[in-house]
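Q: Please take a close look at the side-chain pairings in this model, both between rings and between cysteines. Which parts of the chain do they join, and what surrounds them?

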Amino acid sequence: MSVTIVVGLLALLLVTQLSDGQIDRNSEVAIEHCQVDRIPGVGIVDDGLPGPWISDLFHRALFNFSIKHVGSSACRTQSDIYDRHLQNHTSWAVRMSESWNRYPIGLLAGNRYDMGIYDECVDVRHPVIGQYCLSDIKLKQLVAKDYSFNRTEDLDDFGNKNAWKTVLGWGDYLDKVHRNGLNLGICIPNSCSALDLQTSMQNELDRVFFPEGIKAIVRVDPIMCTIGGDMYPYDKNFYLTSIFLLMLVLICCGTTLYHFIRISYNKNPKETPNESVGLFCETFSLINSSNGLLEFDKDNELNSLYGFKVLMMMMVLLCHSLFYSFSNHPHNPKFMESIYVNGPDSLLILGNIVDPFFFVSGFLMYLNMSKSFQKAENGLKKIISAIINRMLRLLPAYCTIMAITSHILPHLGDGPLWPKMIWEEAEICKNYWWTNLLFISNFIDVKYGCLIVNYYVSCDVQFFIVGVIIVYAYMKNTKYGIRLLASILSLSLFVPFLVTFLTKRFGIDMLYITYIENFRIFMSSNKSYRLSYMRATPFFSGLATSIIVEKLKEKKVIFSRITVYGGTFIVFVICISAQLYGTKFYTWQRHYYPLEHALYKVVNNCTLTVLCMWCFICFFTFGYYGPFRHVLNNRLVMVLGRLSYSVFMVNITVIMVSRSSLRLPSYLSVKSLTDNWITDTFKCYLIALPLYLVVEAPFNKIIKRWIRLG
């Protein structure tokens, strides 16, 4: 029996040895096979590149991060309190700690903003007040090595290389979100300053990144450190503005109530009340303002202009909504990057979207001024009176929005991005409001422009001053007026060509991601977009179109429907094709030809303008376009059209407030962008309504009477 057991043990040992040997040989074969089939560059750390990935390095540096050995005594004391309570898992300390992320993700996908949970941080009020700071971190290599790579149009193909090369070799691609930076939200005690946080983070990141040959440069802007509640200081201007607006609302409500009572109890409609009381009531009564807003004469051919304004305003709101959605640090920036590759191309060439508004302004100016200049009165007085009237009509709503932006708006919200976007806008308006009142803000650097839309108002007034002189000259001497208009139109085409050619600028305002992220560094807006002499063609073309329509009506020229519809189709195709040519300038590494860009600058100023000219001539001379006429001429369109100026005044502010209040990056998709556009449009018209009824309509009545008396 024992012999059998011994033999069995020996046999088992022999089988085990043979199996181990087979396993070892199989392992060696497998390893050799893997080494032969290994894809070059994958899993191999290149010389000079860090071993761990960025996220791992950030986690090492910030795992137990708190502000230490820097700052004031109060900062160090509160940091020690925070550390002790965090070790004991005290609720408030844990909430501060878990409100921000130590392990950023999605950096290669362009997800630069890791904002954490803002409200969880700032809701901590005792014994330490939680302060939220949004830091800006840039990664650079310590040793100068060339890690650059040839980019491709495929957003996911950065070449067969180490992922660190994608970060360290990232070029200055204007149509891509940078992959070598991170904006990290951090929660710290309120007694610690932005500089304390910056110093502590720099020390911790240097400790971890330096050994790997990487320099992490930390910047913490003091304005990006906020606590819960309203931090913006209250001053006397806030109270004065609030009192003025409140009094204005009360006056409108009081006069409306008086007007309603007078209507209800006035048995004799012909009986007139006290003249001064009635005039005051008529001016500020919301009933009168509403009646003016709802007034509709279906036989007035100019009604269609209101419909045209509404259509163009919808396009402007769409562009502004998209602009601020793209600039609001999206969660998936590759959606935005794909537009430069896959389109739609139309989104890249909408820098001239407000040209139709300049065109309509010029078209209407001739109709209004020509009737006024027909009267035999002092010419200089008429010109000055018309210019003053134009300026004064623009100012009430303009000044109201400036005052609200400067003194009221900063107190109406909060969030990680609120101080940077809203507070800075308020400070700019406080310091540079006078450029708006003088209508010269389009010649001031965009960094100092109060309200983004200020350039439009300034350009409109500057065009109007020249236009009034042209109309007056035309009414006094037709040939001289036509020559003057032709000269101004020629200059409006030649000057942009010459400036673009000599300065070697782009022939289009390039809407690159870098500029979208911060419009106030969009330098081409200073050089071309905001300058009146670079975009005067639409206004004076509108003025010329108004004269052409008048002459065609006098001579009773009639086009056939085939000519109108066929011509519209041909003009539309040509103008849109010319507009789309601008997308070629976005082609990566396209050679720059000064003459090409100079010529396209002229073409770009004419595309929408020529289309408007043809459509207006057909519409106001022959009355064609069939059912489309009813779309542009109805009571609803009239109401929305009369609100256009107020909507234009409030739209940027409304959209900016909406985006500044967000706590997290937004996810971009066709659905989300459409939803934003619809919501923004509804809000803009909703807020524009009281601005029109309380400010624009009453003060326009006062100005009209004052100019008439003068």
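A: Aromatic pairs and disulfides

A search of the whole structure, which is a predicted model, finds 36 aromatic pairs. One of them is formed by F65 and W100, in an edge-to-face arrangement with 6.2 Å between the ring centres and 90° between the planes. The pair links distant parts of the chain, with 35 residues separating its members. F65 sits in the loop between α2 (54–62) and α3 (73–87), and W100 in the loop between α4 (91–98) and β1 (113–114). F65 has a relative accessibility of 5% and therefore counts as buried. W100 is also buried, because its relative accessible area is 5%. Another edge-to-face pair consists of F308 and F616, at 5.2 Å centre to centre and 85° between the planes. Here the partners are 308 residues apart and both lie in helices: F308 in α11 (residues 303–327), F616 in α22 (residues 594–622). Both F308 and F616 are buried. Aromatic rings also gather into a cluster, in which ring pairs link F357, F358, Y456, F463, F539, F540 and F648.

The cysteines come next. Taking sulfur atoms within 2.5 Å as bonded, the count is four disulfides. One of them joins C121 to C187, with 2.1 Å between the sulfur atoms. This link is right-handed, with 85° about the S-S bond. Its ends lie in distant parts of the chain, C121 in helix α5 (residues 118–122) and C187 in strand β3, 66 residues apart. C121 and C187 are both buried.

C133 and C225 form a further disulfide, again with an S to S distance of 2.1 Å. The torsion about its S-S bond is about 120°, so this disulfide is right-handed. It ties strand β2, which holds C133, to strand β5, which holds C225, across 92 residues of sequence. Both ends are buried, C133 as well as C225.

The strands that carry these cysteines are themselves paired. Strand β2 (residues 130–141) runs antiparallel to strand β3 (residues 181–189), and nine bridges join the two. Within that pairing, K138 stands opposite G181 of β3. β2 also pairs with β5 (residues 225–226), in the antiparallel sense and over two bridges. In this pairing C133 has C225 as its bridge partner, and C133 and C225 are also joined by a disulfide. With strand β4 (residues 214–219), β2 forms six bridges, once more antiparallel. There the bridge partner of K140 is K215, a residue of β4.

Further along the chain, C429 and C450 form a disulfide with their sulfur atoms 2.0 Å apart. The torsion about this S-S bond is about 90°, so the link is right-handed. C429 belongs to helix α15 (residues 418–437), whereas C450 lies in the loop between α15 and α16 (454–476); the two are 21 residues apart and the pair links distant parts of the chain. C429 and C450 are both buried.

If the bonded cysteines of the protein are numbered in sequence order, the pairing reads 1-5, 2-4, 3-6, 7-8. C606 is a case where no bond forms: the closest cysteine sulfur, in C575, is 8.9 Å from the sulfur of C606, which is too far for a bond. C459 counts as buried because its relative accessibility is 0%.

One more local feature completes the look, at helix α24 (residues 635–642). N634 caps the N-terminal end of this helix, with a side-chain oxygen 3.2 Å from the backbone nitrogen of L636. The buried residues of α24 are V637, M638, V639, G641 and R642.

As to confidence, the average pLDDT of the protein is 84, and 86% of the residues score at least 70. Residues 1–45 have a pLDDT below 50, and beyond near neighbours in sequence this stretch has eight contacts in the model. Where pLDDT is low, predicted coordinates should not be read in detail.

Key
Residues numbered from 1 in each chain as written. Predicted model: local features only at pLDDT ≥ 70, side-chain atom pairs only at ≥ 80, totals over all residues. Heavy atoms only, no water. Pairing = 2+ DSSP bridges. Helix = DSSP H or I, 4+ residues; strand = E, 2+ residues; numbered from the N terminus. Buried < 20%, exposed > 50% of the residue type's maximum accessible area, 1.4 Å probe, protein only. Polar contact = N/O pair within 3.5 Å; in protein donor to acceptor, adjacent residues only side chain to side chain. pLDDT = per-residue confidence, 0-100. Contact = heavy atoms within 4.5 Å. Phe/Tyr/Trp six-rings, centres within 6.5 Å; stacked < 30°, edge-to-face > 60°.
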